[in-house]
Amino acid sequence: MSAGDARALDSLRLDKWLWAARFFKTRQLAVEAINGGKVHVEGQRAKPGRTIRPGNRLEIHKGALTWEIEVVAIDRQRRGATEAATLYVEDEASRLRRQALVHERRERGETHDRRGRPTKRDRRQIHRFTDPSHGQE
């Protein structure tokens, strides 16, 4: 392995790392978040091509949730969630704030966002509401 190969394993583009660490489903979503100012590296806004190395501190905003993490490893491939979680260490205060927010949302009944297509159950309720004769046979 040449020196260039060894150096390449210690760093990776920010968008690729966010995708590999499973913060975003696609690299394009990671790029959009970075360009939208939702990701900061060392307290500064960054570009998708910014090089990330172990020891870098990131702040990631996704919806109402925020992660404050330190990069501890680089992996070019996207792996399972448990393996991806080994790529970073989250600050304890950040983790507690995020868990409190999730718990609070659960208490209010806001378990997930209702965007996209209606579910089968939603469609049945819509049909019952819009067509009173539906379901009364």
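Which residue of E6 is the bridge partner of Lys-62? In this predicted model, the residue of E6 that bridges to Lys-62 is Leu-65. The two strands concerned, E5 (residues 57-62) and E6 (residues 65-71), are paired in the antiparallel sense, and six bridges connect them.

The E5-E6 pair belongs to an open sheet of five strands, arranged in the order E3-E2-E5-E6-E7 with antiparallel pairing. The edges of the sheet are occupied by E3 (44-45) and E7 (88-90); each has a single partner strand, so one side of each is left without a neighbour in the sheet. Pairing of this kind has a common basis: the strands of a sheet are joined through backbone hydrogen bonds, in either a parallel or an antiparallel arrangement. Helix H5 (residues 92-107) lies across E6 and E7, and its direction makes an angle of about 155 degrees with E6.

For the protein as a whole, six helices and seven strands were assigned. Along the sequence these elements follow the pattern α-β-α-α-β-β-β-β-β-α-β-α-α. The protein has 137 residues, of which 28% count as buried. The exposed surface comes to about 9,700 Å², and 49% of this area is supplied by carbon and sulfur atoms. Among contacts with a sequence separation of 6 or more, 44% are between residues 24 or more positions apart.

The largest nonpolar core contains 23 residues, and the members that touch the most others are Leu-14, Trp-17, Leu-18, Phe-23, Leu-58 and Ile-60. At least two residues of this core come from each of helix H2 (14-20), helix H3 (27-35), strand E2 (39-41), E5 and E6. The greatest contribution is that of E6, which gives four residues. With residues up to four places away in sequence left out, the contacts of Phe-23 are Trp-17, Leu-18, Ile-60, Lys-62, Trp-67, Ile-69 and Tyr-88. Lys-62, the bridge partner of Leu-65, is thus also in contact with Phe-23.

Two loop residues were examined individually. Asn-56 is placed in the loop between strand E4 (51-52) and E5. The relative accessibility of Asn-56 is 13%, and Asn-56 therefore counts as buried, the cut-off being under 20%. The side chain of Asn-56 reaches the backbone nitrogen of Arg-53 at a distance of 2.6 Å. Beyond its neighbours within four places in sequence, Asn-56 is in contact with Val-41, Glu-42, Thr-51, Ile-69, Glu-70 and Val-71. Ile-69 is also among the residues touched by Phe-23.

Arg-79 is located in the loop between E6 and helix H4 (81-84). Its relative accessibility of 32% falls between the limits of 20% and 50%, so Arg-79 counts as partly exposed. The side chain of Arg-79 makes polar contacts with two other side chains, that of Gln-77 at 3.0 Å and that of Glu-83 at 3.5 Å. When residues up to four places away in sequence are not counted, Arg-79 touches Ala-20 and Arg-22. Arg-79 and Ala-20 are separated by 59 residues in sequence, while the distance between their C-alpha atoms is 6.9 Å.

Key
Residues numbered from 1 in each chain as written. Predicted model: local features only at pLDDT ≥ 70, side-chain atom pairs only at ≥ 80, totals over all residues. Heavy atoms only, no water. Pairing = 2+ DSSP bridges. Contact = heavy atoms within 4.5 Å. Axes fitted to C-alpha atoms, helices over the stretch in contact; angles between N-to-C directions. Buried < 20%, exposed > 50% of the residue type's maximum accessible area, 1.4 Å probe, protein only. Polar contact = N/O pair within 3.5 Å; in protein donor to acceptor, adjacent residues only side chain to side chain. Areas by Shrake-Rupley, 256 points an atom, 1.4 Å probe, with all protein chains shown as cover. Core = buried A, V, L, I, M, F, W, Y, C linked by side-chain atoms within 4.5 Å.
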